[in-house]
Amino acid sequence: MRKLAVVMIALLGLLFLAGCGDDDSEDHAGRASAPTVLEGPAPAVTPGFREGAPQKDSPAPTDQSNRKEVITGSVDVTSADPIAAAATVTEQVRAVDGRIDSRTEQPGTDKRAARAVLSVRVPADKTDAFITGLGGVGTVTRVSTNRDDVTMQWQDLDARIRALQASVDRLKALITGATNTADLIAAEEALSSRQGELDSLTAQKRSLDDQVALSTLTITLTADDKNAPGDPDNFWDGVVSGWHSLIDWLQDAIVFVGKAVPWLGFLAVIGGLLYAALRLLRRRRTGAPATTPATTVRAATAPETTTPTTATEPPAPGKETPGAHRAGDDQTERP
């Protein structure tokens, strides 16, 4: 029995050692086959795009020399002669290889002060020096500048342009080696779409480069307070100012009367028509009323009035008065 037990223990030990060996071999086989599964064909990537794109874990570029900024600002300057000062500013802009985008000048009068407004473009690296130089033109009363960082926008446009350019080059190669008409037409359509997008992005990048290269400044030149029109300082200036005010008022009055004449004529015509209509209506209301038959009878039977005489003469013999004759006739006709 002891020998049988020893034999059984030995067999169990051999089986355990064989099982461990199989597990180790399977682990080694799995580890050896794992790289084989991962090493497959890599997905197609646009040539040149993967190298140019930054890695997600890579830090942001800190090189200040590649920083892209768009500088805008405004400057207010007072001068004894704003028009002459605007000409001086124009010369200063041309001296730094800049340009004038717009220029507005308003000469001074008795009622308003002289004024000039210029929109200039100067190189970005010379902006600060140019603003400092404006102090020689007049008194700088206000300076406002803004720097807008467009580095990420510029880099995005640059990467998209390079990718589209590579795609356009491949399509051109496909068109050159096309063997049938269908492939040629498909490649030309794709090339037309990519070329249009490439041109649009190129124009956007060119405009952004222009904004980065040249700063935009709005310069406002106004007259000094002592040269600006205002209240008179002495008696004679007051007289002159009053005379000018009177002349201006008379001119305004004459102009007003000239504008009012047509309206007065129009109102006169309207008033005449209304007066004629009211008068005609009044005549119709106050006209003589029509006579009735009874009124006519009473008017015919009314006794006639005679003018009294101073002496009554007796009737001549053989003659009868008309009244008496009518009375006798009436008596003879009675029963």
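Which side chains meet in a salt bridge at 3.5 Å, N to O? The tour comes to that pair near its end; before selecting anything, keep in mind that this is a predicted model, and begin with the sheet.

**The sheet**

Select the five strands, which form an open sheet in the order β2-β3-β5-β1-β4, with mixed pairing. The edges are occupied by β2 (99-106) and β4 (139-149), each of which has a single partner strand, so one side of each is left without a neighbour in the sheet. As you turn the view, the twist from one strand to the next averages 10°. Strands of a sheet pair through backbone hydrogen bonds, either parallel or antiparallel.

**From β4 across to β3**

Starting from the β4 edge, select strand β1 (residues 69-79), which pairs with β4 in the antiparallel sense over ten bridges; to find the register, label Val75, which stands opposite Val143 in β4. On its pairing with β5, strand β1 runs parallel, and eight bridges join the two.

Within β1, pick Ser79, whose bridge partner in β5 is Ala223. Is Ser79 buried or exposed? At 9% relative accessibility, Ser79 counts as buried, because the cut-off for that class is under 20%. Leaving aside neighbours within four places in sequence, the residues in contact with Ser79 are Ala85, Val137, Thr222, Ala223 and Asp224.

Next select strand β5 (residues 214-223), which is mostly covered, seven of its ten residues being buried. Strands β3 and β5 run antiparallel and are joined by nine bridges, and a useful place to inspect this pairing is Arg121, which stands opposite Thr216 in β5.

**Ser119 and Ile100**

Move on to strand β3 (residues 115-123) and select Ser119, which has its place there. Ser119 is buried, with a relative accessible area of 16%. If residues up to four places away in sequence are not counted, Ser119 touches Arg99, Ile100, Asp101, Ser102, Thr216 and Leu217; Thr216 is also the residue in β5 that stands opposite Arg121.

From that set of contacts, take Ile100, which is placed in strand β2. At 29% relative accessibility, Ile100 counts as partly exposed. With its neighbours within four places in sequence left aside, Ile100 is in contact with Thr90, Val93, Leu118, Ser119 and Val120. A distance label from Ile100 to Val122, drawn C-alpha to C-alpha, should read 8.9 Å, although the two are 22 residues apart in sequence.

**Arg99 and its two acidic partners**

Stay with β2 and display the side chain of Arg99, which is partly exposed with a relative accessible area of 34%. Which side chain meets Arg99 in a salt bridge at 3.0 Å, N to O? That partner is Asp101, itself partly exposed, with a relative accessible area of 42%. Arg99 also meets the side chain of Asp210 in a salt bridge, here at 3.8 Å, N to O. Asp210 lies in helix α6 (residues 181-213) and Arg99 in strand β2, so this pair ties together parts that are 111 residues apart in sequence. The relative accessible area of Asp210 is 29%, which makes Asp210 partly exposed.

**Along helix α6**

Now follow helix α6 to the pair raised at the outset: the side chains of Lys205 and Asp209 meet in a salt bridge at 3.5 Å, N to O. Both residues lie in helix α6, four residues apart, which is about one turn of the helix. Lys205 counts as buried at 16% relative accessibility, whereas Asp209 is partly exposed, with a relative accessible area of 30%. Elsewhere, salt bridges that share partners join Arg67, Glu69, Asp128, Arg147 and Asp149 into one network, which can be displayed as a single selection. The count for the structure comes to 13 salt bridges.

**Last stop: the rings**

Finally, display Lys68 and Trp154 together. Lys68 lies over the face of Trp154, at 4.6 Å from the ring centre. How many aromatic pairs does the structure hold? There are zero, so a search for ring pairs within the 6.5 Å limit between centres should return nothing.

Notes:
Residues numbered from 1 in each chain as written. Predicted model: local features only at pLDDT ≥ 70, side-chain atom pairs only at ≥ 80, totals over all residues. Heavy atoms only, no water. Buried < 20%, exposed > 50% of the residue type's maximum accessible area, 1.4 Å probe, protein only. Contact = heavy atoms within 4.5 Å. Pairing = 2+ DSSP bridges. Axes fitted to C-alpha atoms, helices over the stretch in contact; angles between N-to-C directions. Phe/Tyr/Trp six-rings, centres within 6.5 Å; stacked < 30°, edge-to-face > 60°. Lys NZ or Arg CZ within 6 Å of the ring centre and 35° of its normal. Salt bridge = Lys/Arg side-chain N within 4 Å of Asp/Glu carboxyl O.
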